[in-house]
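Q: Please take a close look at the place where the ligand sits. What surrounds the ligand, and what kind of space holds it?

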Amino acid sequence: MSSAEPLTVLEQVAAEVRACTNCVLHVGTKNGVPGEGNPQAEVMLIGEGPGFNEDRLGRPFVGQAGGFLNELLEAAGLKRDEVFITNVVKHRPPENRDPLPEEIKACSDYLTRQIAAINPKVIVTLGRFSMARFIQGASISKIHGQYKVLDRRVVVTMYHPAAALHQQTLRTVALEDFRTAVPAALKLARELAAQGKVGNAPAGQDDTPDKPDEPPAPQQLSLF
Ligand code: URA
């Protein structure tokens, strides 16, 4: 992990993203979209990838889905400028197609560095591509609105705002998920952070999750 100030690391990542040619996604785009928000946010939100408006402005979630994300944040009691918002891929996939595994991989290190620099207690994944970075093989329709401690962060899995935008039922569910799960996750994350269990691992300590406990040694049979 870098010992530089979060803002310096984020500016460095942003500069690299804007000049990035690691995969084909940059071809034909106007702007890389590194992400934006509070460099010391407790809550970080991770979407899928920029769309038309995000590409045009170089900022995440500024189109219709962004408007709904603002409503979702409000339901959770959060202001947009207190969180950090980014995406799994930082250039717009053509015609808003799904990002490919190699594109997600090519962008992965940017996200890793952003997470380490911001050191959020809570990560909110928006949609299945973002969820898959933390939880593999899950279905968003089964685990939306749930949270779980993973790699020293509380990870909350949510529907993508664009998916919920035009479907009244999902819209209501998404608003309710944000209203209930985000404050609950934040409460848990703050408690665990106070115990040193959430947040970047102290220097020299491994960041990987604990191994399961060793099974107890078989008890020796004592005949006497
Ligand atoms: N959808 C996303 O996943 N990210 C954005 O930035 C905008 C729309």
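A: Start with the shell around the ligand: by class, it has 2 nonpolar, 4 polar and 2 charged residues. (Nonpolar means Ala, Val, Leu, Ile, Met, Phe, Trp, Tyr, Cys and Pro; charged means Asp, Glu, Lys and Arg; the others, Gly among them, are polar.) This is a predicted model: local features need pLDDT of at least 70, side-chain atom pairs need 80 or more, and totals for chains, interfaces and linings use all residues. Residues are numbered from 1 along each chain as its sequence is written, and side-chain values use heavy atoms, without hydrogens or water.

Now for the names. Gly-47, Glu-48 and Gly-49 belong to the shell, and so do Glu-54, Pro-60 and Phe-61. Asn-87 and His-160 complete the list. (Each has a heavy atom within 4 Å of the ligand.)

Three of these residues make polar contacts with the ligand. (That is a pair of N or O atoms within 3.5 Å.) Glu-48 uses its backbone: an N or O atom there lies 2.8 Å from a ligand oxygen. Phe-61 also uses a backbone N or O atom, 3.0 Å from an oxygen of the ligand. Asn-87 uses its side chain, where an N or O atom is 2.8 Å from a ligand nitrogen. On its own, the ligand has 230 Å² of accessible area, and the protein covers 92% of it. (The area comes from the Shrake-Rupley method with a 1.4 Å probe.)

Next, the space itself. The ligand takes up the second largest pocket. (A pocket is an open set of points on a 1 Å grid over the protein atoms alone, where a 1.4 Å probe fits, with protein on both sides within 12 Å along at least five of seven lines; a molecule sits there if more than half of its atoms lie within 2 Å of the points.) The second largest pocket holds about 400 Å³ of space. Its lining has 20 residues, and Gly-49, Gly-51, Asn-96, His-160 and Ala-162 are the closest to its centre. (Lining residues have an atom within 4 Å of a point.) Gly-49 and His-160 are also in the ligand's shell.

By class, the pocket lining splits into 8 nonpolar, 9 polar and 3 charged residues. Which helices supply at least two lining residues each? They are helix H2 (52–57), helix H3 (64–75) and helix H7 (161–165). Glu-54, from the ligand's shell, falls within the range of helix H2.

How values were computed. Polar contact = N/O pair within 3.5 Å; in protein donor to acceptor, adjacent residues only side chain to side chain. Points joined across faces, edges and corners; volume = space filled by probe spheres on them. Helix = DSSP H or I, 4+ residues; strand = E, 2+ residues; numbered from the N terminus.
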